[in-house]
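Visitor: I would like a close look at a single helix of this protein, and then at whatever surrounds that helix. Could you take me through it slowly, one step after another?

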Amino acid sequence: MNEPVIDLHSDDYFMREALRQAARAYEAGEVPVGAVIAREGRIIARAFNQVERLKDATAHAEMLALTQAEETIGDWRLTGCTLYVTKEPCPMCAGAMVHTRLARVVFGASDPKGGAAGGAMNLLQFPTLNHHCQITGGVREKECCALLKNFFAEQRATENQEKKIRNSSENTENVSEKS
Ligand code: ZN
């Protein structure tokens, strides 16, 4: 019997937890990004993107998770912590990760246009900054990408449908004006 051993400390395991958070964002109509922060193999913070709900452009999953972890530890220094996030962090979040002295950042989907962990730029390892974070990318990448792709495809479909309804109601208005 060679049962696969579940390694509770593996990147794969923690990314699955981050994906669970991302799914919660999806259900809430938010861009599906989720994050967890682990220290010594334990999750000390979990969060998902809440920009729409909080009407706050800084309410990215990573920012919320960082604040939560700081509260848990009782310090702004998150030394020895690893943050797992389903999408490569943006410049704002990467900046916050450097400020909190995170040891490591692990992400799923890379973002070549806006990512600040090596995608578009690398703020996590910027030469002149006083702290550098280790980076691991591409963990459970397919699932992380699929979630984002599905979300945006669904959003486009809804938008198109709304447009159609708007157009058809405009047409009927025109008809009734003529008659
Ligand atoms: Zn961000």
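Guide: Helix α3 has 13 residues, and in this predicted model the helix reaches 18 Å from its first C-alpha to its last, close to the 18 Å expected at 1.5 Å a residue. The helix is followed by Gly74, whose phi is positive, near 80°.

Next, look at which of its residues are hidden: Ala61, Glu62, Met63, Leu64, Ala65, Leu66 and Ala69 of α3 are buried. An α-helix has 3.6 residues a turn, so residues three or four places apart point the same way. The cover over the buried residues of α3 includes α1, β1, β2, β3 and α4, and we can visit several of these elements in turn.

A good place to start is Ala65, which, once its neighbours within four places in sequence are left aside, is in contact with Ala35, Val36, Ile37, Ala45, Arg46, Ala47 and Leu83. Two of these contacts, Val36 and Arg46, stand opposite each other, with Arg46 lying in β2. The strands concerned are β1, residues 34–39, and β2, residues 42–48, which run antiparallel and are joined by six bridges. Their hairpin has two residues between the strands, and Glu40 takes a positive phi near 50° there.

On its way through the sheet, β1 also pairs with β3, again in the antiparallel sense, over five bridges, and one pairing to find on the screen is that of Arg39 with its bridge partner Cys81 in β3. Seven of the seven residues of β3 are buried, so this strand is largely enclosed by the rest of the structure. With β4, by contrast, β3 runs parallel, and five bridges join the two; here Thr82 has Arg104 of β4 as its bridge partner. Between these two strands the chain crosses from β3 through α4 to β4, and this β-α-β crossover is right-handed.

That brings us to α4, residues 91–99, in which Cys93, Ala94, Ala96, Met97 and Val98 are buried. The buried residues of α4 pack against α3, which spans 61–73, as well as β3 (81–87) and β4 (104–109), and after α4 comes Arg101, whose phi is positive, near 60°.

These pieces come together in the largest nonpolar core, which has 44 residues, and among these Ala65, Leu83, Tyr84 and Met97 touch the most other members. At least two residues of this core are supplied by each of α1, β1, β2, α3, β3, α4, β4 and α5. In soluble globular proteins, nonpolar side chains tend to be buried together.

Finally, step back to the whole protein, which has five helices and five strands, running α-β-β-α-α-β-α-β-β-α from the N terminus on. Its radius of gyration is 20 Å, well over the 16 Å that the globule rule gives for 179 residues, so the protein is more spread out than a compact globule. The C-alpha atoms fill a box of roughly 75 × 50 × 30 Å along the principal axes, and 34% of the 179 residues count as buried.

Conventions:
Residues numbered from 1 in each chain as written. Predicted model: local features only at pLDDT ≥ 70, side-chain atom pairs only at ≥ 80, totals over all residues. Buried ≥ 20, exposed ≤ 12 C-beta atoms within 10 Å, placed from the backbone. Helix = DSSP H or I, 4+ residues; strand = E, 2+ residues; numbered from the N terminus. Contact = placed C-beta atoms within 7 Å. Pairing = 2+ DSSP bridges. Core = buried A, V, L, I, M, F, W, Y, C linked by C-beta atoms within 7 Å. Expected span 1.5 Å × (residues − 1). Right-handed = clockwise from strand over helix to strand, strands pointing away. Rg over C-alpha atoms; globule rule 2.2 N^0.38 Å.
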